[in-house]
Amino acid sequence: MARLSSAERKKLKASQFCGPDRSFPVNDCDHVIAARRMIDRYKGEGSKERIRECVESKAKKLNCDNKK
């Protein structure tokens, strides 16, 4: 499963996250998968649907669904 240290997470650009307060990092395909799995458990602010749309948009840009 995808893991980021605090230092690695801080180095990511704001555009590499979905959700409020940098809640879902989606900087690579492993993190797209992790975000997809965790969205339903998210209890923070913001619309789950908007977060899901953001994750899917980034997955498409990263070409995640076409990788084996």
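This is a short selection-by-selection tour of a predicted model, with stops at a lysine, a helix and a nonpolar core.

**Stop one: Lys 58.** Start by selecting helix α3, residues 48-62, and find Lys 58 within that helix. Is Lys 58 buried or exposed? Lys 58 is buried, and yet no salt bridge goes with it. If you look for an opposite charge, the nearest such side chain is that of Glu 53, 12 Å away. Now show the backbone of Ser 15: its oxygen is reached by the Lys 58 side chain at 2.7 Å. To see the surroundings, add Ser 15, Gln 16, Phe 17, Cys 18 and Val 26, which Lys 58 touches when residues up to four places away in sequence are set aside.

**Stop two: Cys 18.** From Lys 58, step across to Cys 18, one of the residues it touches. Leaving out residues up to four places away in sequence, Cys 18 also has contacts with Ser 23, Phe 24, Val 26, Ile 51, Cys 54 and Val 55.

**Stop three: helix α2.** Select residues 29-38 next, and colour the buried ones: Cys 29, His 31, Val 32, Ala 34 and Ala 35. Their cover includes β2 (24-25) and α3. At the N-terminal end of α2, pick out Asp 28, the cap: one of its side-chain oxygens lies 3.2 Å from the backbone nitrogen of Asp 30.

**Last stop: the core.** Finally, select the largest nonpolar core, which has 12 residues, including Cys 18, Phe 24, Val 32, Ile 39, Tyr 42, Val 55 and Cys 64. Helices α2 and α3 each contribute at least two residues to this core.

Conventions:
Residues are numbered from 1 along each chain as its sequence is written. This is a predicted model: local features need pLDDT of at least 70, side-chain atom pairs count only at pLDDT 80 or more; totals for chains, interfaces and linings use all residues. Side-chain values use heavy atoms; hydrogens and water are left out. Helices (H or I, at least four residues) and strands (E, at least two) are DSSP runs, numbered from the N terminus. Buried means under 20% relative accessible area, exposed over 50%, partly exposed in between (1.4 Å probe, protein chains only). Lys and Arg count as positive and Asp and Glu as negative; His and the chain ends are not counted. A salt bridge is a side-chain nitrogen of Lys or Arg within 4 Å of a carboxyl oxygen of Asp or Glu. A polar contact is a pair of N or O atoms within 3.5 Å; within protein, one must be able to donate a hydrogen and the other to accept it, and residues adjacent in sequence count only if both atoms are side-chain atoms. Contact means heavy atoms within 4.5 Å. A nonpolar core is a set of buried Ala, Val, Leu, Ile, Met, Phe, Trp, Tyr and Cys residues joined through side-chain atoms within 4.5 Å.
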